[in-house]
Amino acid sequence: MRPISEIAERVDAGQIVTREEAEAMVRASSRRCRGPLLAEAREITTRLLSDGALDKARALDTNARTPCGQDVNDLILASPLDGAERVITCPRCGTTMSYRPPRIRIED
Ligand SMILES: [Zn+2]
């Protein structure tokens, strides 16, 4: 198979790639479910963000979660790679996350 950088260049140019190449491109970035955020922490994080304390908000958001480890790439690859933003729910812990998959033209 071609190097990921070459596949990405072809995708960026709107060229058609194989399903295998598209999956390899998505999986080139490891994505694991970060787990649910406790309601209390969510409130505080929201307040920190509105105060512009991004680093504190990010740290709290990370520390107040118990990572569940679900491979999010599996969830992304279960839906069309059409560039359309969508919300998915982790089947292991119920955490919802929004994401925008890359728009990849895949050969039939
Ligand atoms: Zn999860």
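The following exercises, each with a worked solution, concern a predicted model.

**Exercise 1. Helix H3**

Task: Determine what end-to-end span helix H3 should have at 1.5 Å a residue, and state where its residues lie, buried or in the open.

Solution.
- Step 1. Helix H3 covers residues 39–50, a stretch of 12 residues.
- Step 2. The expected span is 1.5 Å times one less than the number of residues, and for H3 this gives 16 Å.
- Step 3. The end C-alpha atoms of H3 are 17 Å apart, which agrees with the expected span.
- Step 4. A residue is counted as buried if 20 or more other C-beta atoms lie within 10 Å of its own. In H3 the number of buried residues is 1 out of 12, so the helix lies largely in the open.
- Step 5. After H3 comes glycine 52, which has a positive phi, near 80°.

**Exercise 2. The pairing of H3 and H4**

Task: Describe how H3 and helix H4 pack, and name the residues through which they meet.

Solution.
- Step 1. Two packed helices are described by the angle between their axes and by the distance between those axes.
- Step 2. For H3 and H4 (residues 54–63), the angle is about 165° and the axes are 8 Å apart. H3 is therefore roughly antiparallel to H4, since angles over 145 degrees are counted in that way.
- Step 3. The crossing of H3 past H4 is left-handed.
- Step 4. On the H3 side, the meeting residues are Ala41, Ile44, Thr45, Leu48 and Leu49. On the H4 side, they are Leu54, Lys56, Ala57, Leu60 and Asp61.

**Exercise 3. The pairing of H1 and H2**

Task: Classify the arrangement of helices H1 and H2, and examine alanine 8.

Solution.
- Step 1. Helix H1 (residues 4–12) contains alanine 8.
- Step 2. H1 packs against helix H2 (residues 19–27) at an angle of about 110°, with 10 Å between the axes.
- Step 3. Angles of 65 to 115 degrees count as roughly perpendicular, so this term applies to H1 and H2.
- Step 4. Ile4, Ile7, Ala8 and Val11 of H1 meet Glu21, Ala24 and Met25 of H2.
- Step 5. Alanine 8 has 17 other C-beta atoms within 10 Å and is therefore partly exposed.

**Exercise 4. Three residues and their surroundings**

Task: For valine 26, aspartate 82 and serine 30, decide whether each is exposed or partly exposed.

Solution.
- Step 1. A residue is exposed if 12 or fewer other C-beta atoms lie within 10 Å of its own.
- Step 2. Valine 26, in helix H2, has 18 such atoms around it and is therefore partly exposed. Beyond residues up to four places away in sequence, valine 26 touches Asn73, Ile76, Leu77 and Pro102. Its C-alpha atom is 9.4 Å from that of leucine 81, although the two residues are 55 apart in sequence.
- Step 3. Aspartate 82 belongs to the loop between helix H5 (72–77) and strand E2 (86–89). With 12 other C-beta atoms within 10 Å, aspartate 82 is exposed. Apart from neighbours within four places in sequence, aspartate 82 is in contact with Pro101 and Arg103. The C-alpha atoms of aspartate 82 and arginine 100 are separated by 8.5 Å, and the residues by 18 places along the chain.
- Step 4. Serine 30 lies in the loop between H2 and H3, and its 8 other C-beta atoms within 10 Å make it exposed.

**Exercise 5. The domains**

Task: State how the chain is divided into domains, and how far apart their C-alpha centres lie.

Solution.
- Step 1. Domain 1 consists of 1–31 + 80–108, and domain 2 of 34–67.
- Step 2. The C-alpha centres of domain 1 and domain 2 are 28 Å apart.

Technical notes. Residues numbered from 1 in each chain as written. Predicted model: local features only at pLDDT ≥ 70, side-chain atom pairs only at ≥ 80, totals over all residues. Helix = DSSP H or I, 4+ residues; strand = E, 2+ residues; numbered from the N terminus. Domains from an automatic or database assignment. Axes fitted to C-alpha atoms, helices over the stretch in contact; angles between N-to-C directions. Parallel < 35°, antiparallel > 145°, perpendicular 65-115°, else oblique. Left-handed = near helix turned anticlockwise from the far one by under 90°. Contact = placed C-beta atoms within 7 Å.
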